Amino acid sequence: MTLRTIVATLLAATLAACATPRSQDNAEILRDKALEDQAGYSFVRDLTTEVGPRMGGTEADARAVAWTKARFEQMGFDKVWLEPVTFAQWQRNHERARVLGKFPQPLHITALGGSVGTQGELTGEIVMVEDYAALLATPSAQVKDKIVFIKNRMRKHKEGAGYGEAVIARGKGALEAEAKGAKALLIRSIGTDSHRFAHTGMMSMSAGQPQIPAAALSNPDADQLERLLAKGKVEVSLDINVGWTGEYTSHNVIAEITGKGRPEEIIAIGGHLDSWDLGTGALDDGAGVAITAGAAYQFIKHRQRPQRTIRVIAFSNEEQGLIGAKAYAKAHADELSRHIVASESDFGAGPIWAFKTRLANPSDEFIARAQALLKPLGIKYLGNDATSGGPDIIPMADKGVPLFQLKQDGTDYFDYHHTADDTLDKINPEHFNQNLAAWTVMLHLFANEYQLQEK
Ligand code: ZN
Ligand code: ZN
């Protein structure tokens with residue numbers, strides 16, 4: 001070998017070394033493998049295909065529980081079990097609405113969860129109010145024996161900020177309308193779309209069961225009703241056959257990877273297994289169960305047993321009042337102090353753009369490490385002041401369980417939320433896998449790194 005060849009060889013080797021990135025650590029490897037994963041997406045695809053809609057208390061609720069238990073077992077979790085959740089059963093049979101009089105025509109509606117039926121046909125004149133606050137200010141004499149229509153439209157917002165403002169009409173409108181002597185309540189759907197799909201959702205039962213029927217109009221039908229009202233008095237006929245039928249016992253479905261170092265310390269994640277009955281519950285919340293179970297599965301698939309226990313909870317009947325979540329917090333009250341952190345995915349499957357934490361004393365190193373791992377996914381840190389880990393985490397958070405929150409872009413979420421249009425095609429598989437990768441990172445950090453050295 002000539003000197004010239006030796007120099008050339010050495011130079012080539014040096015250049016190759018410079019071009020090779022530093023070797024990845026386990027968290028980075030798992031994150032990048034998660035981006036290519038198929039198992040997470042196939043979970044939501046198969047759940048929504050084989051079970052379909054799965055409203056709490058329906059026959060599909062039981063099928064969803066059995067399906068999820070079998071799938072968790074198939075995925076190879078160390079433990080899979082069911083915990084009972086009992087609640088009052090509400091049933092939807094049919095709902096119809098039509099405009100009477102000079103401009104007769106049908107209207108697209110859906111009964112609100114928890115509504116009573118009309119007992120046949122109910123007719124009444126519409127009284128339109130701007131929003132819930134306007135209803136509070138309306139004298140009873142204007143509302144008595146009429147059908148109240150709350151017309152305000154929910155605004156679009158990346159973080160779903162319009163929901164909280166608008167949803168009070170659904171939550172409390174019927175009780176207030178009833179108190180003023182109204183016969184029934186119609187609201188504009190709590191949704192941001194312009195499709196002819198009405199959005200259902202639960203009324204608040206905390207102040208009591210409204211005894212008047214309540215339903216939501218699709219956005220275009222609410223527009224139509226406003227135009228008709230601009231022409232004069234409008235009378236509407238409602239035929240809503242829904243109601244409470246009895247008691248039902250469903251289950252939280254729970255799966256666990258037992259930690260090898262600190263098995264008694266739990267990282268609790270999940271989504272809610274129930275959906276509304278209109279769509280197939282792909283975004284709400286098949287995606288959430290699939291993302292969190294899929295992220296946990298990365299540790300099984302790639303044989304990376306975590307130090308702490310990873311527990312995935314498919315919560316029962318979130319929609320009708322966080323019923324599975326409350327049952328979980330109660331059944332596990334004794335071990336909540338060993339829940340190191342908890343979080344839920346329940347905002348669809350849009351890309352995650354930020355994360356927040358609510359931890360007692362996160363070290364700067366830990367946060368910097370999380371930032372470094374999540375930055376390549378386009379995710380930034382917003383601070384240690386998370387107010388929510390997801391609806392099903394509320395009962396745990398109330399008992400002091402620390403939180404993290406991966407914030408999804410929910411700009412379009414309320415186009416589909418609680419409608420017949422919440423179906424699998426609304427999930428973008430690339431966005432789904434970005435979620436999966438981010439959750440995998442969080443699991444790795446909390447199961448293997450968080451404060452482990454200090455304890
Ligand atoms: Zn949900
Ligand atoms: Zn929901």
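**Exercise 1. Decide whether Asp346 is buried or exposed, and find its role at a metal site.**

Step 1. Asp346 has a relative accessibility of 13%, so Asp346 counts as buried. The cut-off used here is under 20% relative accessible area for buried. Keep in mind as you work that this is a predicted model.

Step 2. Now look at the zinc ion (ligand 1). Its coordinating atoms come from His272 (NE2), Asp284 (OD), Asp346 (OD) and Asp346 (OD), at 2.0 to 2.5 Å.

Step 3. The angles subtended by these four donor atoms run from 55 to 148°, which makes the arrangement irregular. For comparison, a tetrahedral label would need all angles between 85 and 135 degrees.

Step 4. Finally, place the donors in the chain. Along the sequence, the donor residues of the zinc ion (ligand 1) have the spacing H-x11-D-x61-D. Asp284 is in helix α10, while Asp346 is in the loop between β11 (339-344) and β12 (352-358); the two are 62 residues apart, and the pair links distant parts of the chain.

**Exercise 2. Work out which residues hold the zinc ion (ligand 2), and which residue coordinates both zinc ions.**

Step 1. Around the zinc ion (ligand 2) you will find Asp284 (OD), Glu319 (OE), Glu319 (OE) and His418 (NE2), at 2.0 to 2.6 Å.

Step 2. Asp284 is the residue that coordinates both ions, and the zinc ion (ligand 2) lies 3.3 Å from the zinc ion (ligand 1).

Step 3. The site of the zinc ion (ligand 2) is irregular, with angles of 55 to 145° among its four donor atoms. Its donors follow the spacing D-x34-E-x98-H along the chain. Asp284 lies in helix α10 (residues 282-301) and Glu319 in the loop between β10 (308-315) and α11 (323-331), so this pair ties together parts that are 35 residues apart in sequence.

Step 4. Check burial too. Asp284 counts as buried because its relative accessibility is 3%, and Glu319 counts as buried at 9%.

**Exercise 3. Describe the surroundings of Tyr381.**

Step 1. Start with the backbone: Tyr381 belongs to strand β13 (residues 380-381).

Step 2. Next, list the neighbours. Leaving out residues up to four places away in sequence, Tyr381 touches Phe355, Lys356, Thr357, Ile367 and Gln371.

Step 3. Pick out the polar contacts. The side chains of Tyr381 and Thr357 are joined by one of 2.7 Å. In addition, a polar atom of the Tyr381 side chain lies 3.2 Å from the backbone nitrogen of Asn384.

Step 4. As a last check, compare Tyr381 with Gln298: they are 83 residues apart along the chain, and their C-alpha atoms are separated by 24 Å.

How values were computed. Residues are numbered from 1 along each chain as its sequence is written. Chains are lettered from A and ligands numbered from 1 in the order in which they are written. This is a predicted model: local features need pLDDT of at least 70, side-chain atom pairs count only at pLDDT 80 or more; totals for chains, interfaces and linings use all residues. Side-chain values use heavy atoms; hydrogens and water are left out. Donors are N, O and S atoms within 2.8 Å of the metal (3.2 Å for Na, K and Ca); water is not among the atoms, so sites may look incomplete. Four donors count as tetrahedral if all angles lie between 85 and 135 degrees; four count as square planar and six as octahedral if opposite donors are over 155 degrees apart and all others between 65 and 115; anything else is irregular. Helices (H or I, at least four residues) and strands (E, at least two) are DSSP runs, numbered from the N terminus. Buried means under 20% relative accessible area, exposed over 50%, partly exposed in between (1.4 Å probe, protein chains only). Contact means heavy atoms within 4.5 Å. A polar contact is a pair of N or O atoms within 3.5 Å; within protein, one must be able to donate a hydrogen and the other to accept it, and residues adjacent in sequence count only if both atoms are side-chain atoms.
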